[in-house]
Amino acid sequence: MKYALEIGLAYGASSMALLEASSNLKLISCDPFQKDDYNDSGLKKIQAANLQERHTHLNSFSDRALPKLLEEKASFDLIFIDGDHKFSGAFVDFHYAAQMTKVGGIVVFHDLWMRALILIRSYIKKNRKDFVEIKVGSSNMCAFQRVDKDSRDGMAFNEFYNRQGYLKYHINRLSWERKTVLGKSIFKLKTIIKKT
Ligand SMILES: C[S@@+](CC[C@H](N)C(=O)[O-])C[C@H]1O[C@@H](n2cnc3c(N)ncnc32)[C@H](O)[C@@H]1O
């Protein structure tokens with residue numbers, strides 16, 4: 001049996017994809033907003049496909065749930081980080097995920113258009129020799145395979161700041177917020193481009 005953890009269940013698209021991809025997989029998902037924000041739609045989808053026996057949902061913030069799983073000595077072949085997309089949240093998710101990923105296992109991140117995720121990717125590449133980046137078929141995702149134990153010394157730190165995706169992120173953010181004339185105009189333009 002293989003074990004996977006997904007942070008951020010939402011409508012259940014990726015959970016379903018994981019459960020359907022392998023009948024040999026057990027999945028734990030973690031999302032505190034499943035009921036209130038998503039009307040349990042992810043859980044209902046999994047139930048409708050009769051996949052609930054291989055699935056456990058934790059109705060909890062990941063920064064509470066992951067330390068508990070670690071304490072229980074859980075370990076995973078695959079961890080998909082797609083929950084809190086702020087730098088602090090996704091970084092804490094990785095901090096715990098890294099310790100629960102089996103050697104040979106994989107950590108995947110979604111939404112690589114976001115600056116927070118770009119910088120976390122850069123942090124891992126520059127600071128975590130125990131993780132090696134592997135190719136994925138989407139520019140909006142990245143994945144790292146755990147290849148070793150974490151053997152950093154207590155003062156280990158390599159600079160990882162970069163400017164990659166800086167403009168793209170801030171333009172997207174302006175358009176997402178639609179608070180300024182510029183933001184509203186970019187949003188309109190994007191809508192027109194999408195329609196054509
Ligand atoms: C982009 S959606 C995930 C999409 C999902 N993976 C899919 O493919 O359908 C982000 C999800 O993360 C959840 N989320 C936000 N903050 C979280 C946190 N601190 N812990 C766990 N989940 C969180 C949100 O409720 C939301 O469902």
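In the predicted model, strand β1 (residues 2-7) runs parallel to strand β2 (residues 25-30). Six bridges join the two strands. Within this pairing, Glu6 of the chain faces Ser29, a residue of β2. The connection between the strands involves helix α1, which spans residues 13-21. Together, β1, α1 and β2 form a β-α-β unit of right-handed sense.

Strand β1 has a further partner in strand β4 (residues 76-81). This pairing is also parallel and is made over four bridges. Here Leu5 stands opposite Ile79 of β4. Strand β1 is thus paired with β2 and with β4. In a regular strand, side chains alternate between the two faces of the sheet.

The ligand is surrounded by 19 residues. The closest of these are Gly8, Ala10, Ser14, Phe33 and Gly83. Ser14 falls within the residue range of α1, 13-21. By class, the shell around the ligand comprises nine nonpolar, six polar and four charged residues.

At the level of domains, the assignment for the protein chain gives two entries: domain 1 covers 2-156, and domain 2 covers 165-196. Their C-alpha centres are 29 Å apart. Four residues from domain 1 and five residues from domain 2 take part in the contact. On the domain 1 side, the residues touching domain 2 are three nonpolar and one charged, with no polar residues. The size of an interface is often expressed as the accessible area lost when the parts come together. For this contact, the description rests on residue numbers from each domain and on the classes found on the side of domain 1.

Notes: Residues are numbered from 1 along each chain as its sequence is written. This is a predicted model: local features need pLDDT of at least 70, side-chain atom pairs count only at pLDDT 80 or more; totals for chains, interfaces and linings use all residues. A residue is near a molecule or strand if its C-beta atom, placed from the backbone, lies within 6 Å of it. Ala, Val, Leu, Ile, Met, Phe, Trp, Tyr, Cys and Pro count as nonpolar, Asp, Glu, Lys and Arg as charged, and the others, Gly among them, as polar. Domain bounds come from an automatic or database domain assignment. Two residues are in contact if their C-beta atoms, placed from the backbone, lie within 7 Å. Two strands pair if DSSP finds at least two bridges between them. A crossover is right-handed if, with the strands pointing away from the viewer, the path from the first strand over the helix to the second runs clockwise.
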